[in-house]
Amino acid sequence: MNNISRGLLSQGHELKLITIYTHKHDLELDKMSQEYIDKTDIEGVFVDTKVNIVDAFSSLITQDSYNVSRFFSPDLDIRLANLLRRKKFDIIHLESLFMTPYIGTIRRHSKAPIVLRSHNLEYIIWERIAEGTRNPAKKAYLKYLSKRLKDYELSVIHDVDGIAAISAEDEEKYASLGFERPLLTIPFGIDTDQYPFSPHKKEKVTLFHIGAMDWRPNLEAMLWFLEDVWPLINMKFPDLELHLAGRGLTDDLLGTSYKNVVIHGEVESAKDFMAEHSIMIVPLLSAGGIRVKIIEGMAMGKAIVSTSVGAEGIDATPNQHLAIGDEAETFATAISRLVDAPERITQMGHEARDLASKLFDNRVIIDNLIQFYQSLDSER
């Protein structure tokens, strides 16, 4: 949202931001410039998205998608209706599937085209999580959740005027699901000038991962890595360190029995943390869409080892822009090849930076997004 809104403002467009904030994601106005606050007239509504057992089980009876319904706020719905009655807009941009419960209110009070900025197909994430779950009862419930979410997602996509998918893979999936309205890939964009180029230069090689552990795919990924991959790495490189950072990351969460694993918790500056280390690991097993942290790591010149799932949506060449490993052994081998040849870490970092500048610079992304907006307005 930040990159898109700043990109639109930089090209002279008028913008109004309404956002939800939650116990996990606060709206920290004190960290925003007054100029940004004034230009976006940003306002937020708190929504309690904590899982409520009663509501969760009620959804079994009502057939609602609980994953989505818990993001609906009557307060936000009222504010949105009042805003749309007061002011006319050219485009309504919904950031992620979780804003689609407000489409009905938007349609009643505005004739503007609605664009869904799709971060991923959410039901695919839950299908993957369900498949990786061993507890039979939990597996059955997660499969049910993914089915309800899929039904909702297949229905609601036909209520928007266009979809700006975050990856080419997602664009293809939407097309295969029968979406016949305008559809375009608009990948995640960054201001590459704001990411200091920090390729590997030190004698000591270190691994790192940064990600919020209150997002289930991240936790699942790190537990798999620590249990199945890290012992293989330890055997070959007994002095190699793994540094972990992110919101919700504690010693208790992952345990303290893993050798040479340093837990930093939530760091003040993600960029400073990333600059300090050599090889980024992204061992995701169940996510979808595109990984923001991979793009940021590439922009900083980091060598990256990921699963195929983690690297989805990034038009990168394996072993040139990043390394891929989908099994514990292949993931460990990909890391070993880099640790054994530090010059490859540096070379891969340079290739990654070039790719990020070419494909994910925010100026290119915003130009394409504005053209997409204009095509929708012309159609209507």
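This report describes the fold, the second largest pocket, the ring contacts and several individual residues of a predicted model.

## Overall form

The chain of this predicted model has a secondary structure that comes to 16 helices and 12 strands. Its radius of gyration is 21 Å, close to the 21 Å that the globule rule gives for 380 residues, so the chain is as compact as a globular protein of that length. Taken along the principal axes, the box that the C-alpha atoms fill is roughly 65 × 50 × 40 Å.

Burial can be stated for the chain as a whole, since 52% of its 380 residues count as buried. The sections below turn to particular places in the chain.

## The second largest pocket

The second largest pocket holds about 470 Å³ of space, and 15 residues line it, with G132, T133, R134, E220 and L223 lying nearest its centre. Two elements, α7 (122-131) and α10 (216-236), are the ones that give two or more residues to this lining. The largest share, 7 residues, comes from α10.

In chemical character, the lining of the second largest pocket divides into 7 charged, 5 nonpolar and 3 polar residues.

## Helix α7 and helix α8

Helix α7, which contributes to the lining of the second largest pocket, is largely enclosed by the rest of the structure, because 7 of its 10 residues are buried. The buried residues of α7 are E122, Y123, I124, I125, W126, I129 and A130.

One of these, I129, can be related to a residue of another helix: K139 lies in helix α8 (residues 136-156), and the C-alpha atoms of K139 and I129, which are 10 residues apart along the chain, are separated by 8.5 Å. Whereas I129 is buried, K139 counts as partly exposed, at 22% relative accessibility.

## Aromatic rings

The model contains 7 aromatic pairs. One of them is formed by F225 and W230, whose ring centres lie 6.1 Å from each other and whose planes make an angle of 35°, so that the pair is tilted, since stacked pairs have planes under 30 degrees apart and edge-to-face pairs have planes over 60 degrees apart. Both F225 and W230 are buried, and ring pairs link these two residues with W224 and F331 into a cluster.

## Charges over rings

Two contacts between a charged side chain and a ring can also be described. R6 lies over the face of Y36, at 4.3 Å from the ring centre. In the other contact, the charged end of K271 sits over the ring of Y195, at 4.5 Å from the centre of that ring.

## Residues with positive phi

Most residues other than glycine have a negative phi. Against that background, D41 has a phi near 45°, a positive value in a residue other than glycine. D41 is placed in the loop between α2 (34-40) and β2 (43-46), and its relative accessibility of 47% makes it partly exposed.

N319 also has a positive phi, near 70°, and is likewise a residue other than glycine. The position of N319 is in the loop between β11 (303-306) and β12 (323-324), where N319 is exposed, because its relative accessible area is 51% and the exposed class begins over 50%.

## Contacts across the sequence

The loop between β11 and β12 also contains E312, which counts as buried at 15% relative accessibility, whereas N319 is exposed. E312 and A168 are 144 residues apart in sequence, while their C-alpha atoms are 9.0 Å apart in space.

A further pair of residues involves helix α5 (residues 74-86), in which A81 is found. A81 counts as buried, at 8% relative accessibility. Along the chain, A81 and R108 are 27 residues apart, and their C-alpha atoms are separated by 8.3 Å.

Technical notes. Residues numbered from 1 in each chain as written. Predicted model: local features only at pLDDT ≥ 70, side-chain atom pairs only at ≥ 80, totals over all residues. Heavy atoms only, no water. Phe/Tyr/Trp six-rings, centres within 6.5 Å; stacked < 30°, edge-to-face > 60°. Buried < 20%, exposed > 50% of the residue type's maximum accessible area, 1.4 Å probe, protein only. Lys NZ or Arg CZ within 6 Å of the ring centre and 35° of its normal. 1 Å grid on protein atoms, 1.4 Å probe; cavity = no way out; pocket = protein on both sides within 12 Å on 5 of 7 lines; lining within 4 Å. Points joined across faces, edges and corners; volume = space filled by probe spheres on them. Helix = DSSP H or I, 4+ residues; strand = E, 2+ residues; numbered from the N terminus. Nonpolar A, V, L, I, M, F, W, Y, C, P; charged D, E, K, R; others polar. Rg over C-alpha atoms; globule rule 2.2 N^0.38 Å.
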